[in-house]
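Biologist: Could you walk me through this one, with the cut-offs spelled out as we go?

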Amino acid sequence: MNANLFALFESRFPADRTACCIETHDELYYTWDDLDRATAKLANLLVALKLPAGARVAVQVEKSPEALFLYLATLRAGYVYLPLNTAYQEAEIDYFVGNAEPSVVVCSSANFGWVSKVAFRHGTAHVFTLDDDRSGSLLARAASHPDKFETVASADDDLAAILYTSGTTGRSKGAMLTHRNLASNALTLHAYWGWRSDDVLLHMLPIFHVHGLFVASHGALLAGAKMIWAPKLDMAQILKFLPRSTVMMGVPTYYVRMLQEPRFDDDTCRRMRLFVSGSAPLLLETFDAFRERTGHTILERYGMSETVMLVSNPYDEAVGERIGGTVGTPLPGVSVRVVDGEANACAVGEIGNIEVKGPNVFKGYWRMPEKTAEEFTADGWFRTGDVGRFGGEIVSHAGARKVPDNYVTIVGRSKDLIISGGYNVYPKEIESFIDEMPGVAESAVIGVPHQEFGEAVVAVVVRKPGSDFDEAAFGAAGFEAKLIGTLKTRIANFKVPKRVHVVNELPRNTMGKVQKNVLRQQFGAL
Ligand code: MLC
Ligand code: AMP
């Protein structure tokens, strides 16, 4: 059997190919037939380029149905898709392209100048443009290719995608996901969340990360269900499209924003059957307020770029209750264990490191065998870097409640990671950008609680006196503004600190390590 993920989707297309597959926020309608023909043309174009086996197709474009088709065409043609956050700037793209050495790069026409320079410098043979209004050289070139394509035969273990996740050392690692990783997870979620062919998914997430590209899109594609496609989180569009939708997925910030909108209520959700939250912790306060406002219980699940989805609260009430503050139980086929520092299994209720195994767990980090080896135990478990427990108690303003022994609660992370609005930020990477700036002796980047984004990035800086960046020249507020302004030109906007505090020295322990907990206490309020 062909293990190509696209072949699985194809086998589930609805019998009526003239049915609507994607409706866009600006009233374009794409049928399943359109999807089939557009992906065939793009796949034919990729094949005509005579790319080497396993070639990477790196893509940094705004969200559009055509961007999704490009992903599907890459699968279909047997190549490897590499999505890139649209917020990434030149230094970030330079690293990804240099590391992944893609044969094809697709970018927006606004960025073509600098992206193509970066790509050609790293030996990329083909650079195309694709804009969110269907213009650009990619579609123009694909237009002359046939609209029929026989999906390439792939093996289970062949790569389907590489997703870069930031590393604790400051350098991103490319998580290699195979057709089997993605297909097994999509099939599991299809059954576990009760996807139906008459579902309508309101798709508002970005499509360059696991949540929007895999979890949301794969769910609808596998069900043969329609998607309503909006470019980004937008309350006006939620109010307009949610009443016609049955499924929606978001990071916690989506739910916080929905609750801030007074017109959002149970009537807006009248057809909804499922709200999913993930990518960052959903506050119990949000979970409770959402249920009170709408009568719907958000289903929280837990996953990672390296593993797709791991643990989920139940969809089916007969299977179990959705418990706020927990991420639910391990998905069918996924094994989860909690271990202490000596790799001994923790008892129920005891906090430890979360390790996982299953057909969904990635193949390794792209061209980083040592990093891959570090993250797996000798007996093949992947170390997630998340800290949690089975069972125990959830404590809230309403008191303590016992959690069943098979439910997982995430209590923190052993990795130095900030999750802001569902995007990961590794302090080390930001610190290295700040430390390079004139006038900075050293820095420490921390995450502090933020009402909307969950966590916000904050930098604590020790200045080097006597430079351009001197406080004397700008004053304290000027120094902060200058530093933030400079960072905005260099790194993705969500990584830029919301505040910069200047200190004379960073607190260190006896080993010389910066005590970030002390900084979090001191600078915890924005
Ligand atoms: C935007 N801004 C952010 C931010 N997003 N700041 C911190 N954290 C964020 N996540 C800032 C910008 O820098 C800018 O600041 C200002 O907000 C306006 O930018 P915007 O782009 O207009 O913001 P908005 O559209 O409101 O975006 C917020 C958001 C977005 C929450 C909708 O961040 C988002 O779509 N997040 C989803 C991320 C996601 O899909 N994660 C899944 C990862 S997969 P300024 O100063 O320039 O004005 C994964 C695995 C799993 O984790 O389990 O799913
Ligand atoms: P990424 O590397 O972008 O795939 O992000 C994966 C990380 O997001 C995980 O390792 C967790 O730390 C975090 N995460 C995902 N879902 C949840 C959740 N429901 N609750 C808490 N953290 C989560």
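What follows is a chat about strands, salt bridges, a surface patch and a few single residues.

Modeller: Some ground rules: this is a predicted model, where local features need pLDDT of at least 70, side-chain atom pairs count only at pLDDT 80 or more, and totals for chains, interfaces and linings use all residues. Residues are numbered from 1 along each chain as its sequence is written, chains are lettered from A and ligands numbered from 1 in the order in which they are written, and side-chain values use heavy atoms, with hydrogens and water left out.

Biologist: Which residue in β10 is the bridge partner of threonine 24?

Modeller: Strands here are DSSP runs of E with at least two residues, helices are runs of H or I with at least four, and both are numbered from the N terminus. Two strands pair if DSSP finds at least two bridges between them. Strand β1 (residues 20-24) and strand β10 (residues 226-229) manage 3 bridges, in the parallel sense. Across from threonine 24 in β10 you'll find tryptophan 229.

Biologist: And which β10 residue is the partner of leucine 202?

Modeller: Strand β9 (residues 200-203) also runs parallel to β10, joined to it by 4 bridges. In β10, leucine 202 is matched with isoleucine 228.

Biologist: Which residue of β4 does valine 59 stand opposite?

Modeller: Strand β3 (residues 56-60) pairs with β4 in the parallel sense, over 4 bridges. In strand β4 (residues 80-83), Val80 and Leu82 point one way, Tyr81 and Pro83 point the other way, and all are buried. Buried means under 20% relative accessible area, exposed means over 50%, and partly exposed is in between (1.4 Å probe, protein chains only). The β4 residue facing valine 59 is proline 83.

Biologist: How many salt bridges does a search of the whole structure find?

Modeller: The test is a side-chain nitrogen of Lys or Arg within 4 Å of a carboxyl oxygen of Asp or Glu. Run over the whole structure, that search gives 29.

Biologist: How many residues apart are arginine 76 and aspartate 36?

Modeller: Their side chains meet in a salt bridge, 3.1 Å from N to O. The pair links distant parts of the chain, with arginine 76 in helix α3 (residues 65-76) and aspartate 36 in helix α2 (residues 32-48). Both residues are buried, and they belong to a salt-bridge network with Glu10 and Arg17. Along the chain, the separation is 40 residues.

Biologist: How far apart are the closest N and O atoms of glutamate 442 and arginine 508?

Modeller: This pair also links distant parts of the chain: glutamate 442 is in strand β25 (residues 440-450), while arginine 508 is in the loop between β27 (499-503) and α15 (516-522), 66 residues apart. Glutamate 442 counts as partly exposed because its relative accessibility is 25%, and arginine 508 does so because its value is 38%. The closest N and O atoms are separated by 2.4 Å.

Biologist: Which residues form the negative surface patch?

Modeller: Patch members need over 30% relative accessible area and no salt bridge; like charges are joined within 9 Å, and nonpolar side chains (Val, Leu, Ile, Met, Phe, Trp, Tyr) within 5 Å. Areas come from Shrake-Rupley with a 1.4 Å probe, and for residues only the protein chains shown count as cover. Asp and Glu count as negative, Lys and Arg as positive, with His and the chain ends not counted, and a charge is placed at NZ of Lys, CZ of Arg, CG of Asp or CD of Glu. The patch is Asp26, Glu27, Glu62, Asp132 and Asp133.

Biologist: Why does aspartate 133 count as partly exposed?

Modeller: Aspartate 133 is placed in the loop between β6 (126-129) and α6 (137-142). It counts as partly exposed because its relative accessibility is 46%.

Biologist: What is phi of arginine 134, roughly?

Modeller: Arginine 134 is in the loop between β6 and α6, and it is partly exposed because its relative accessibility is 41%. Its phi is positive although it is not a glycine, at about 70 degrees.

Biologist: Is isoleucine 298 buried or exposed?

Modeller: Isoleucine 298 sits in the loop between α11 and β13 (299-304). Its C-alpha is 6.4 Å from that of phenylalanine 287, 11 residues away along the chain. With a relative accessible area of 1%, isoleucine 298 is buried.
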